[in-house]
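Dear colleague,

I am passing the structure below to you for your records and further reading. The findings follow it, grouped by topic.

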Amino acid sequence: MSTITPTPIASPTFQKFAVAIFSVLLVGFGGVGALALALHSDTPTAVKTAAVVAFGILVLGAVLKYAVPVLPTGWQGAAKVGVGIVVAVLVALVPFLTGGFDWATDLPLIAIAVVEALATQLGVTVRTNGETS
C-alpha cells in the first residue's frame, strides 16, 4: 500500500508566520473597529474603559501567541490555542469586572477573541501541514 505524502499548503514564510498574520489581521481590523465604536463620544466611561482594556488584552494575546512555540508532539497548537482561549475568557470577563458591559461594543470584541483562538489553530495547522505526531 502506498503512503500519501501531504503537499505543503502554503509558502514556508507564510507557514512560519501564519498564526501571527491571522492575529494581526483580526486584531488590526476587527479590534480597532470595535474599539472605535466603543470610544464614540456618547458611550459611557465604564464601557470605554472596558473596551480599551479588552483591546489591550487582544493585543497582548497576539504578541504572546507569536512568542509561544509550536509544540513538537501531541496537539502541537496546545500552547498557542491555550493563550487564545485564555484571552477570549479574559475579554469576556472584562466588561463584567469593570461594570461597563454594553452589547454593541463588547460583543464584537468577544467575538473577535473567539475567532482569533480558532484562527490560531488554523495557523498552527498551516504551519505543521496538518501533521500530528
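A definition is needed at the outset: rings of Phe, Tyr and Trp, the last represented by its six-membered ring, pair if their centres lie within 6.5 Å, and such a pair counts as stacked when the planes are under 30 degrees apart and as edge-to-face when they are over 60. On that basis, the structure, which is a predicted model, holds 2 aromatic pairs. In one of them, F96 and F101 are stacked, with 4.9 Å from centre to centre and 15° between the planes. In another, F101 and W103 meet edge-to-face, at 5.0 Å centre to centre and with 80° between the planes. Ring pairs thus link F96, F101 and W103 into a cluster.

Are the members of this cluster buried or exposed? F96 counts as exposed because its relative accessibility is 56%. W103 also counts as exposed, because its value is 60%. F101, at 30% relative accessibility, counts as partly exposed.

Overall architecture

The protein contains 4 helices and 0 strands, and along the sequence it follows the pattern α-α-α-α. Of its 133 residues, 37% count as buried. Among contacts between residues at least 6 apart in sequence, 73% join residues at least 24 apart.

Helices 2 and 4

Helix 2 comprises residues 45–67, 23 residues in total, and reaches 33 Å from its first C-alpha to its last, close to the 33 Å expected at 1.5 Å a residue. Its buried residues are V47, A50, A51, A54, F55, I57, L58, G61, A62 and K65. What covers them includes helix 1 (12–38), helix 3 (78–98) and helix 4 (103–128).

Helix 4 has 26 residues, which should span 38 Å at 1.5 Å a residue; its end C-alpha atoms are 37 Å apart, so the two values agree. Just after helix 4, N129 takes a positive phi of about 60°.

The nonpolar core

Which residues have the most contacts inside the largest nonpolar core? This core has 20 residues, and those with the most contacts inside it are A51, I57, L58, V87, V91, L109 and A113. Helix 1, helix 2, helix 3 and helix 4 are the elements that give two or more residues to this core. Helix 2 gives the most, with 6 residues.

Two residues named above may be described further. A51 lies in helix 2 and counts as buried because its relative accessible area is 0%. Leaving aside residues up to four places away in sequence, A51 touches L35, A38 and L109. The C-alpha atoms of A51 and V91 are separated by 8.8 Å, although these residues stand 40 residues apart along the chain. With the same exclusion of sequence neighbours, I57 touches V87, L90, V91 and V94.

V27 in helix 1

V27 is found in helix 1 and counts as buried because its relative accessibility is 7%, where the limit for that class is under 20%. Not counting residues up to four places away in sequence, V27 touches V32, F55, L58, V59 and E116. One of these, E116, is 89 residues from V27 along the chain, yet the C-alpha atoms of the two are separated by 8.1 Å.

K80 in helix 3

What is the nearest side chain of opposite charge to K80, and how far away is it? K80, whose place is in helix 3, is buried yet has no salt bridge. The nearest side chain of opposite charge is that of E116, 11 Å away. A salt bridge requires a side-chain nitrogen of Lys or Arg within 4 Å of a carboxyl oxygen of Asp or Glu. Beyond residues up to four places away in sequence, K80 touches V19, K65, Y66, V68, P69, V70, T120 and V124. Among these contacts, K65 is one of the buried residues of helix 2.

Yours sincerely

Note on methods
Residues numbered from 1 in each chain as written. Predicted model: local features only at pLDDT ≥ 70, side-chain atom pairs only at ≥ 80, totals over all residues. Heavy atoms only, no water. Expected span 1.5 Å × (residues − 1). Buried < 20%, exposed > 50% of the residue type's maximum accessible area, 1.4 Å probe, protein only. Contact = heavy atoms within 4.5 Å. Lys, Arg positive; Asp, Glu negative; His and termini not counted. Core = buried A, V, L, I, M, F, W, Y, C linked by side-chain atoms within 4.5 Å.
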